[in-house]
2 protein chains.
Amino acid sequence: MTDPLVIFTPSGKRGRFPAGTPVLTAARQLGVDLDSVCGGRGICSRCQVRPAYGNFPKHGVTVDEGALSPWNAVEERYREKRGLAEGRRLGCQAAIRADVVIDVPPESQVHRQVVRKRAEARDIVLDPCTRLYFVEVQPPDMQNPSGDLERLERALAEQWGLAHVVGDLRTMQMLQPALRAGAWKVTCAVYHGRGLGDARIMQVWPGFYDGGIYGVAVDVGSTTVAGHLCDLQSGEVIASDGLMNPQIRFGEDLMSRVSYAMMNPGGAEEMTRAVRDAINALVQQLAVQAMIDPELIFEAVFVGNPIMHHLLLGIDPTELGQAPFALSTATSLTLWANEIDLVLHPDARIYVLPCIAGHVGADAAAVALSEAPNRSGDLVLIVDVGTNAEILLGNSDRVLACSSPTGPAFEGAQISCGQRAAPGAIERVRIDPQTGQPRFRVIGCDLWSDDPGFAAATASTGVTGICGSGIIEAVAEMRMVGLLDASGLIGSADRAGSDRLLAEGRTHAWLLHDGADRGGPRIVVTQNDVRAIQLAKSALYAGARLLMDRFGVDDVDRIVLAGAFGAHISPLHAMVLGMIPDCDLDKVQSAGNAAGTGARIALLNGAARREIEAVVTRIEKVETAVEPRFQEHFVAASQLPHATAPYARLRARVALPEVRFGGSTSGERGGRRRRAAR
Amino acid sequence: MTDPLVIFTPSGKRGRFPAGTPVLTAARQLGVDLDSVCGGRGICSRCQVRPAYGNFPKHGVTVDEGALSPWNAVEERYREKRGLAEGRRLGCQAAIRADVVIDVPPESQVHRQVVRKRAEARDIVLDPCTRLYFVEVQPPDMQNPSGDLERLERALAEQWGLAHVVGDLRTMQMLQPALRAGAWKVTCAVYHGRGLGDARIMQVWPGFYDGGIYGVAVDVGSTTVAGHLCDLQSGEVIASDGLMNPQIRFGEDLMSRVSYAMMNPGGAEEMTRAVRDAINALVQQLAVQAMIDPELIFEAVFVGNPIMHHLLLGIDPTELGQAPFALSTATSLTLWANEIDLVLHPDARIYVLPCIAGHVGADAAAVALSEAPNRSGDLVLIVDVGTNAEILLGNSDRVLACSSPTGPAFEGAQISCGQRAAPGAIERVRIDPQTGQPRFRVIGCDLWSDDPGFAAATASTGVTGICGSGIIEAVAEMRMVGLLDASGLIGSADRAGSDRLLAEGRTHAWLLHDGADRGGPRIVVTQNDVRAIQLAKSALYAGARLLMDRFGVDDVDRIVLAGAFGAHISPLHAMVLGMIPDCDLDKVQSAGNAAGTGARIALLNGAARREIEAVVTRIEKVETAVEPRFQEHFVAASQLPHATAPYARLRARVALPEVRFGGSTSGERGGRRRRAAR
């Protein structure tokens, strides 16, 4: 008689096993991904499976009611104490008796998929570096003396096949009481580093531990430090939060922080302390939100631009402020939390993604990990817009990277009425092409300014200024309705035909909102504001164009806007300004905080760390500062949208008025008559 | 024409090299041990050699005056600035022109021999884990960005063949300023751990560094913490010192410290802090004595018994106080100094020797390393006498180990007039067999008590008590002159014929010294003192005898007495007491502080660490507490020297009076008439 046939779904793996074989054993032998922490002792319940009964023509089997062994005492006890969903069995207890189809639900898989919203981005598969293992350790034998640690290591090798796990001093300090309290049964958290040789015991709990282990992924931005606290066993984000980078008090932008380090002895150390304190505060916040003990955070992953990277690590960033922009180190780093003064689990491991170049940091590497241009079939341009823009261009053949010094205009700085994205800031702007009247939305309110109740809804925040996405939309709308010409000149009230255009010396400004009657500021867009946006967008475009030159293309297939700011940019308006190359608008996607997502991927999947390390070494770095064509591209890009690039796809969608406000008044046409349809 | 022949002495290695080859290059190609830190750049002067001229029939060559290239500018400059001994050349500068004999003086060898006094012990060859390397690093290239650290690592690989050296966060923090201050030339201290994968940069100095690197070897005893500070480049001990183990305030002996840990919450932590503080104080003392910066101490090696080992490491020793005497870990440990709160170089590496068993610790492993029973052709018994005696027996075939609970009597504790070895303590005792009068010496004075001037010379210290070696000699002398019988009974004044024998209730005591007239104490040896010594020596002998049983021998070829105390024991007296088995007296050697020497060997030679780790796993552990024959051996050993063992070699050298003081007075013979000749 042949042995019973077992078919696992959804994997489809199948094999024959002698009657009496536990389902978990069969799964392991077939390489089916079925979780277990307790090693098949009926304690952890992670190996829950759902047997399917009946006729399965697809698999060619009929499964009888008695295909698995009846409930045993262990399963009954487990069901009583902890509950077991209808139809579920414990894979380690249920034994195979006849042909059977066994479904492994997602939550019973070790390498389960972590839900991600965007279909175009890479999947996140849970495969964390830190895992729990329950073991039974042999008690000491006076006749054959050996250390308790050595016997624990042997148990991990014999019961889990972990042949190279070692304990450190902290393990030894906690081990003896734990072994005795747990009657020689303990649960270990083991960190699996690079390769077989680097696996170490992080924590030992008496008996079976099921209290959770956690990790945190942190994006250290120049303005904001943002973190996700994740459950390392489920992959779920259990808390997300951010706080201002306190280094701002040493300088708003990156270069002013480098200057602070150069001019002030001990300045770099001060900034290092500030950001480490902020990270500790953030971790505390996250732990409080999730109601967990921060000592249960076993891992942290950090990304950031090179200057944030160096300051976090306690490395003076001076060299990054001057050519040749030498990084202290470009490779990924694995550190102990206490090396950078972080208060997590005392043995917590820190992983810092590699930097790509002196201007293209671990944040760009994280974006590359999240957006995976190296896996893309079509040619993707990824733009992470911030004070510096990091730009990636590539496909599965080849990936290029550069950074471009856009300056802080896109963040609302250096704009006359600019402000950071905060409640009260104008973030959306539309101008009616017929009436020339603007309407807008502010952060913190879902109503448009011409909706009923807007004044009341914004009474508490007011309308205080204009943030990055707001200024981009305002300038783009001005261009679209002909208040602004392609060279970036704002027309006079007369020539552009709008009484919102105010003379300011020899230039003009456009009144977006007059809050005077409500005691608020007048919000205008000045000629200087437009110039600041032009400089920023030219730098951004020129960087992207340099990469396209190097790649040998004039077009890209799709564009991903990354960065917290990227999430709020309207692709249409960005393209009207010529921030990004011409492209089908429905091929322009926002990736949200892709750097933060990349950090989270590295936290949840050890293989992803190895992948991005390899990808980074293959990325071709383009240094904009020494590329002769950068200046040329920059100048051509100063027009709105561009002096020479046709932007045919954009123009097919939206007409841009051919107004010109430069030169003598008489030779120009007014804008009003040529306003675009939308 | 054949190439010139080069012969190196003392190695005898020879080979032909094209004219113009530098001596250093020839040495390297032949595998001649010729040092260099600067990599042949004429900076470090470590490759000094002495060419020999004239006719060398032994080597079959004649060396002309012009066999080496003339002095070049680098050598001239070096000679002017730093001086070069007569006849010396820099091996990296002097080029071979004709047949030549080149002597490599010991100080130019990397693996030089470190001088050791005792011929019978293993050689110490210098081969430290931490070494200096001078390198030239490629400056950064903006077009081809890489981290400064990566370029340093490449330089170490290319210029020194160190393919797997990595830097850590501290390296990155110090690297950029050092590279620029040294104009892209730096000296690195590199720690070579276990195997190729574990080599790391500990320190980076700008330019060529020649300020020395150091290590410290520490023996953590229950009573004393003793350290040697060594120059890692020469192997020399540059300072030695010791201080009291402050844990003494928690308990005199080991078991009382374990009790303290068991009875007092936080007690183990208190003792850990105490011993770590003491070690830091000791290191400071050593650094002050040697006039070096303690931050230049890159390595420390620790040995100690299992309880000291655990307390140093911050592991609660409770389990070591009760069967089955489970060690937390038995293997060797490599730690960072800050893991155990030591203030050395911030990246300093700590090596802790392995323990052999729950009672036989890293100190015994260090003794095994120093005395190398595993390399011995004859059968050697090694006894490390302290509160616990650790005993090793073996030869190159097989090594056994045990510990035996001798208690503190051998250290002067539990002895009525006992005291620690300190100035004023009686350390030597002789009794004139004819007159029965004793004479003695005290610590701190070279005179015997019957020498003229003794009273004056000891006026400052007084004669305060009797230390371990003193009580052993006193009891042995009493046995030799018949004041004491083989069963350990002290005779009465009457029966033993000495007016120094004083009745004390039903037993007798012997007056060694009456200091009353000088205001000092009366120093006597009581019956209880003899009993305490008998218990201690029986335990010691029984342990040794157990190992001999296990080995299958009745005799050993030689005996090594280790331990600071071992250095002061008189082999004759030890054997009269039966502390050690019968053996030729000239085959009983003192090894001094063999544990400390073992620590120093492990400090100076990385391969020795691997050796002792391997040896320890092969040592057969014998647990005296569960060996049924231990009690039997213990009882038989309580006689002086022994109830059944003949001690023929001892008796051939010294007659032991056949007195008996037990039973009725009338049936016994007095001792006086049968006093032994000496």
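How many bridges join β20(B) to strand β29 (residues 558-562) of chain B? Figure 3 below has the answer.

Welcome to a predicted model, where local features need pLDDT of at least 70, side-chain atom pairs count only at pLDDT 80 or more, and totals for chains, interfaces and linings use all residues. Residues are numbered from 1 along each chain as its sequence is written, while chains are lettered from A and ligands numbered from 1 in the order in which they are written.

**Figure 1. Chain A as a whole, with its helices, strands and domains.** Let us start with the full chain. Chain A holds 18 helices and 31 strands; here helices (H or I, at least four residues) and strands (E, at least two) are DSSP runs, numbered from the N terminus. Along the principal axes, the C-alpha atoms of chain A fill a box of roughly 105 × 65 × 55 Å. Of the 678 residues of chain A, 53% count as buried. A residue is buried if 20 or more other C-beta atoms lie within 10 Å of its own, exposed if 12 or fewer, and partly exposed in between, with C-beta atoms placed from the backbone. Chain A is divided into domain 1 (5-108), domain 2 (124-206), domain 3 (216-352), domain 4 (365-408 + 533-653) and domain 5 (412-530); such bounds come from an automatic or database domain assignment.

**Figure 2. An open sheet in chain B.** Five strands of chain B line up in the order β2-β1-β7-β3-β6, with mixed pairing. β2 (14-16) and β6 (89-90) of chain B stand at the edges with a single partner strand each, so one side of each is left without a neighbour in the sheet. Two strands are said to pair if DSSP finds at least two bridges between them. Strand β3 (residues 48-52) and strand β7 (residues 100-103) of chain B pair in the antiparallel sense, over three bridges. To find one of these bridges, look for B:A52, whose partner in β7(B) is B:V101.

**Figure 3. Strand β20 of chain B and its two partners.** Here is the answer to the opening question: five bridges join β20(B) to strand β29 (residues 558-562) of chain B, and the two run parallel. In that pairing, B:V383 has B:L561 of β29(B) as its bridge partner. β20(B) also pairs with strand β21 (residues 389-395) of chain B, in the antiparallel sense and over five bridges. There, B:V380 is matched with B:G394 of β21(B). β20(B) and β21(B) form a hairpin, with four residues between them. Is β20 (residues 380-384) of chain B mostly covered or uncovered? Mostly covered: five of its five residues are buried. B:V380, B:I382 and B:D384 point one way from β20(B), while B:L381 and B:V383 point the other way. In a regular strand the side chains alternate between the two faces of the sheet.

**Figure 4. Two covered helices of chain A.** Helix α7 (residues 306-313) of chain A is mostly covered, with eight of its eight residues buried. Among them are A:P306, A:H309 and A:L313. After α7(A) comes A:G314, whose phi is positive, near 80°. Helix α8 (residues 362-371) of chain A is likewise mostly covered, as ten of its ten residues are buried. Its buried residues include A:D363, A:S370 and A:E371. Just after α8(A), A:A372 takes a positive phi of about 50°.

**Figure 5. Where domain 3 of chain A touches domain 4 of chain A.** The centres of the two domains, taken over C-alpha atoms, are separated by 25 Å. In all, 19 residues of domain 3 of chain A are in contact with 16 residues of domain 4 of chain A; two residues are in contact if their C-beta atoms, placed from the backbone, lie within 7 Å. On the side of domain 3 of chain A, the elements that give two or more residues are β14 (214-220), β15 (224-231) and β17 (297-304) of chain A. The largest share of that side, four residues, comes from β17(A).

**Figure 6. The meeting of chain A and chain B.** A turn of 180° and a shift of 0.1 Å along the axis lay chain A on chain B with an RMSD of 0.1 Å. The two copies are thus related as by a two-fold rotation axis. Copies are superposed by least squares on the C-alpha atoms of residues with pLDDT of at least 70 in both. The same surface serves both copies, since 100% of the contact residues of chain A recur in chain B. The contact takes 37 residues from chain A and 37 residues from chain B. On the side of chain A that touches chain B, α4(A) gives the most, with five residues.
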